[in-house]
Amino acid sequence: MFYIAEYMSPIGEMTLESDGESLTGLKMGKYHGGASEYADLPAFRKTKAWLDDYFAGKRPDPASVHVALEGSAFRKEILGLLLEIPYWKVTTYGALAKEAAKRMGKARMAAQAVSAAGVANPIPIIIPCHRVVGAGNNLTGYSRGIDKKSGF
C-alpha cells in the first residue's frame, strides 16, 4: 500500500509518501495521481516534526527520519553521500564524483552522473541535494526550481 500525507511549508505545500514504515518520497506540491491512502503514520509524524524544526532554523539530524532509498547501487551511493553533507557546507558535483569513484573502487566518475542521481532524489531537503553546486560554486539545475534551492 502507498500512503501519503500533506505538509504546508514556508516554500509551499508538500506531499509526504510512505510504504507504511519509511518515508519514500517528499514532493513539492499537492499529490496528484495513483492509488494511495491518506494516513497518519509514525513516519509522517517524524518527518513533519523534522521539517518543522528545519524551517524554524534548527538543524535536525537527517538520520532521525527513517528513509527507504530505492534504485541502483550507484543511486543509493550518491544519495548516501548527499546525506553526509553538513548543514554548514556546500560541495560540488565534481567533489561528490571523486568521492563516489573512490568509494566504488573506480578510477573516475563524471560529475554529470552524480548530478543525474541528485536530480532523481526522491526526498529533497532531508537528503540535501540543494547543498550541491556546479563548478565555480554556480547554482545549477534543481528540479524543484533554482529559487527554492537558493532559499535553503
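**Exercise 1. Find the surroundings of Leu82.**
Which residues does Leu82 touch, not counting residues up to four places away in sequence?

*Solution.* Start at Leu82 in this predicted model and look for heavy atoms within 4.5 Å. Leaving out residues up to four places away in sequence, you will find Leu96, Gly118, Ile127, Pro128, Cys129 and Val132. Next, step back to the largest nonpolar core, which has 33 residues. Leu82 is among those with the most contacts inside this core, together with Leu23 and Leu51. Now ask where the core residues come from. At least two residues each are supplied by β1, β2, β3, α1, α2 (73–83), α3 (93–103) and α4 (111–119). The largest share, 5 residues, comes from α3.

**Exercise 2. Describe how two helices meet.**
At what angle do α2 and α4 pack, and which residues make the contact?

*Solution.* First take the geometry: the axes of α2 and α4 are 9 Å apart, and the angle is about 80°. An angle from 65 to 115 degrees counts as roughly perpendicular, and α2 and α4 are therefore roughly perpendicular to each other. Then list the residues on each side. From α2 come Phe74, Ile78, Leu79 and Leu82, while α4 brings Ala113, Val114, Ala117 and Gly118. Finally, sort them by class: the contact of α2 with α4 has 7 nonpolar residues, 1 polar residue and no charged ones.

**Exercise 3. Put the strands in order.**
In what order do the 4 strands of the open sheet lie, and which are the edge strands?

*Solution.* Reading across the sheet gives β3-β2-β1-β4, with mixed pairing. The edge strands are β3 (23–28) and β4 (37–38), each pairing on one side only. Now add the helix that covers the sheet's strands: α1 (residues 42–55) packs on the sheet and touches β1 (3–9), β2 and β3. The direction of α1 makes about 15° with that of β1.

**Exercise 4. Trace the pairing of β2.**
How many bridges join β1 to β2, and over how many do β2 and β3 pair?

*Solution.* Begin with β1 and β2, which run antiparallel and are joined by 7 bridges. A hairpin links these two strands through 2 residues. Tyr3 has Ser18 of β2 as its bridge partner.

Turn next to the other neighbour. β2 (residues 12–18) and β3 pair in the antiparallel sense over 5 bridges. Here Ser18 stands opposite Leu23, Glu17 faces Gly25, and Leu16 is placed opposite Leu26. These two strands also form a hairpin, with 4 residues between them. In its turn, Gly20 has a positive phi of about 110°.

Last, check burial: 5 of the 7 residues of β2 are buried, so this strand is largely enclosed by the rest of the structure.

**Exercise 5. Place a loop residue.**
Is Ile125 buried or exposed, and where does this residue lie?

*Solution.* Locate Ile125 in the loop between α4 and β6 (132–133). Its relative accessible area is 1%. Buried means under 20%, so Ile125 is buried. To finish, compare sequence with space: Ile125 and Leu83 are 42 residues apart in sequence, and their C-alpha atoms are 9.9 Å apart.

How values were computed. Residues are numbered from 1 along each chain as its sequence is written. This is a predicted model: local features need pLDDT of at least 70, side-chain atom pairs count only at pLDDT 80 or more; totals for chains, interfaces and linings use all residues. Side-chain values use heavy atoms; hydrogens and water are left out. Two strands pair if DSSP finds at least two bridges between them. Axes are lines fitted to C-alpha atoms, for helices over the stretch in contact, and angles run from 0 to 180 degrees between N-to-C directions. A nonpolar core is a set of buried Ala, Val, Leu, Ile, Met, Phe, Trp, Tyr and Cys residues joined through side-chain atoms within 4.5 Å. Buried means under 20% relative accessible area, exposed over 50%, partly exposed in between (1.4 Å probe, protein chains only). Angles under 35 degrees count as roughly parallel, over 145 as roughly antiparallel, 65 to 115 as roughly perpendicular and the rest as oblique. Ala, Val, Leu, Ile, Met, Phe, Trp, Tyr, Cys and Pro count as nonpolar, Asp, Glu, Lys and Arg as charged, and the others, Gly among them, as polar.
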